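Colleague: Could you take me through one part of this model in detail, the place where the helices pack against each other? I would enjoy a connected walk through it.

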Amino acid sequence: MRIPPPRSPRRKPFAWLLLVVGGFLGAHRFYLGSYLGGAAQLLLLLVGVANLPGSRFALALLGPWLLLDIYWVHVRLKQQDEADHTARRSVSKTYDLEALGHADALRERFVAAAEMHDWAAAVALSEQIVAHARKVFKGPHQNLAMSLCMHGQACYQFKALDEAKASLEESLAIGRQIGMPAEDMEIVRKALAMTLAGIGEHHAARQVRAGLPAGGGPGNDPVLLDLLEDQERRYRAAFERRDLALAERLCAEAVHTSRLLCGGLGKAVVLHLINHAEFCRQLQWHDKAVSLLDECLAIIDQLGLDDSWRLGPSNTLALLHAGAGRSDEAEVLYKKTIAMAVALSKGNSTDEVVRAINNLAFLYANTDQDQKAELCYARAMVHLDKLEPDEGDADLHADLLINFAQLHMARNESEHAKPLFERALAIQERSCRGISTSAATAHNDLGLIAQEQGDLREALKHFKRTLLLNQICAPDHFGNLANAQRNIDNVSLALAAVARAARLEPST
């Protein structure tokens with residue numbers, strides 16, 4: 001009778017130990033996968049110890065059977081060894097070991113050629129490496145994907161850009177299919193981006209040699225358009241995650257791609273330069289941001305674009321000058337943005353007009369020109385009142401009201417500030433259910449007004465709301481959190497003191 005091999009490898013010493021110690025229970029047979037034989041031996045043992053008729057006969061059968069099992073265990077373990085050897089041999093035959101070894105030797109030669117910048121030899125060697133990878137793995141595999149990436153990088157250096165693009169795109173497709181690690185995928189993406197940019201540069205140079213105008217052809221290049229869209233999507237996603245450093249780097253790559261796409265000048269260049277400057281401003285790289293905006297405005301002039309293109313960069317440039325303490329330059333630019341916004345609105349009230357006037361008013365307020373600031377805020381309020389309540393930029397509208405209210409607060413005019421704060425909170429409640437840093441500011445100042453007027457319970461309510469909103473919206477602004485907690489503590493102590501005084505005061 002043929003003994004079937006066990007389902008999984010078993011340790012030899014343990015099998016012999018079970019035969020010696022628990023053989024009469026059939027333990028060794030259960031361990032080696034002979035469940036029917038193990039059950040039969042266990043049954044014979046139970047019958048033998050139960051003092052039933054024929055029990056001695058059962059024990060008499062069990063003894064010789066266990067002696068025969070010495071040979072059975074030996075055969076079973078031997079068959080296991082043979083099965084394991086067969087499995088290992090079949091696995092090893094899955095790949096051509098000779099081809100893999102040859103590919104490793106080729107890789108060493110490829111690295112040596114790359115270090116010597118002998119890209120012709122590197123391309124030839126990488127072609128052989130890819131051929132061996134296809135022969136060995138016969139389908140999608142990480143080794144094949146990285147071999148294709150290696151070939152693509154060599155072709156890029158050798159200026160065989162179309163071949164590089166095809167190899168890298170195939171590498172990226174295989175990587176997506178097999179779920180290749182993110183680090184390797186990023187290597188392939190960067191190599192493909194460099195290749196696509198190189199294709200764009202080559203196309204632009206060919207146009208120049210042919211006597212075509214600089215922006216005449218690349219603007220319709222689908223390869224560069226796809227690359228630019230991908231870069232824009234990625235830097236906008238990084239900005240939404242507040243990863244400003246990554247957003248700035250990706251945006252710089254988008255600016256470079258847009259220059260290739262437009263031949264140096266174009267609307268796409270302007271758009272990405274504006275975003276790049278904004279990222280630099282938020283990173284407090286003021287000099288770089290100013291340089292980018294100056295270039296942006298120069299391109300706008302060269303292209304003859306209208307004021308709708310100048311409005312954004314001019315406003316950002318004014319913000320930078322104001323932040324650097326150059327208030328005179330900022331004032332001139334803000335006045336220009338107001339004029340442009342009013343002209344573009346054709347006499348109507350728009351968010352652009354409100355924003356431009358609000359920015360100038362804020363500049364005046366920060367430079368102790370309260371009268372000019374009040375006039376500008378009043379002018380902005382006129383335009384705000386003409387806008388639909390639930391339309392436009394809710395954050396801009398709330399910021400305008402809060403800025404104007406804080407000007408009144410600085411002049412101890414809380415009776416004028418309070419309705420402005422309450423209106424700002426109503427706008428925030430409609431737009432984001434009142435969960436914003438602007439709402440936190442409004443609640444804090446309303447708490448100060450209530451405290452000044454002696455309404456401590458109202459003040460405590462606003463201060464608690466301020467602390468909660470700061471914890472939600474700006475948990476890393478420890479100064480704001482500490483200030484809100486301090487206000488809560490002060491008002492709570494005052495309320496406790498009032499309560500104690502009321503208890504001690506004799507009734508009349």
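Modeller: Happy to. A contact here means heavy atoms within 4.5 Å. By that criterion, and counting contacts in the protein chain with a separation of 6 or more, 58% are between residues 24 or more positions apart. Please keep in mind that this is a predicted model. The protein chain has 22 helices and zero strands, and 41% of its 508 residues count as buried.

Let us look closely at helix H12, residues 267–282, and at its partners H10 and H14. Helix H10 covers residues 222–240, and its axis comes within 13 Å of that of H12, the two crossing at roughly 25°. Angles under 35 degrees count as roughly parallel, and H10 and H12 are therefore roughly parallel to each other. The crossing of H10 past H12 is left-handed. On the H10 side, the residues that take part are Leu 228, Glu 232, Tyr 235, Arg 236 and Phe 239, and they meet Ala 268, His 272, Asn 275, Phe 279 and Gln 282 of H12. Sorted by class, this contact of H10 with H12 holds five nonpolar, three polar and two charged residues.

Now for the second partner of H12. Helix H14 spans residues 307–323, and the axes of H12 and H14 come within 11 Å, with a crossing of roughly 20°. That angle makes H12 roughly parallel to H14. Here too, H12 passes H14 in a left-handed crossing. From H12, Lys 267, Val 270, Leu 271, Ile 274, Glu 278 and Arg 281 are involved, and they meet Trp 309, Pro 313, Thr 316, Leu 319 and Leu 320 in H14. The tally for H12 with H14 is seven nonpolar, one polar and three charged residues.

It helps to read the two lists with helix geometry in mind. An α-helix has 3.6 residues a turn, so residues three or four places apart point the same way. Towards H10, H12 offers Ala 268, His 272, Asn 275, Phe 279 and Gln 282. Towards H14, H12 offers a list that includes Val 270, Ile 274, Glu 278 and Arg 281.

A little further along comes Val 332, in helix H15, residues 327–345. Because its relative accessibility is 46%, Val 332 counts as partly exposed. The C-alpha atom of Val 332 lies 8.2 Å from that of Ala 318, a residue 14 positions away along the chain.

For another pairing to set beside these, try H17 and H18. Helix H17 (residues 370–386) packs on helix H18 (residues 394–410) at an angle of about 145°, and their axes are 10 Å apart. H17 passes H18 in a left-handed crossing. Among the residues that meet are Tyr 377, Met 381 and Leu 384 from H17, and Leu 400, Phe 404 and Leu 407 from H18. This contact of H17 with H18 has ten nonpolar, three polar and two charged residues.

Finally, two helices can be checked for length. In H6 (residues 119–137), 19 residues at 1.5 Å each should span 27 Å, and the end C-alpha atoms are 26 Å apart, which agrees. Its buried residues include Trp 119, Leu 125, Ile 129 and Phe 137, and Lys 138, which follows H6, has a positive phi near 50°. Helix H21 (residues 456–473) reaches 25 Å over its 18 residues, close to the expected 26 Å; Leu 456, Phe 463 and Asn 470 are among its buried residues.

How values were computed
Residues numbered from 1 in each chain as written. Predicted model: local features only at pLDDT ≥ 70, side-chain atom pairs only at ≥ 80, totals over all residues. Heavy atoms only, no water. Axes fitted to C-alpha atoms, helices over the stretch in contact; angles between N-to-C directions. Helix = DSSP H or I, 4+ residues; strand = E, 2+ residues; numbered from the N terminus. Left-handed = near helix turned anticlockwise from the far one by under 90°. Nonpolar A, V, L, I, M, F, W, Y, C, P; charged D, E, K, R; others polar. Expected span 1.5 Å × (residues − 1). Buried < 20%, exposed > 50% of the residue type's maximum accessible area, 1.4 Å probe, protein only. Parallel < 35°, antiparallel > 145°, perpendicular 65-115°, else oblique.
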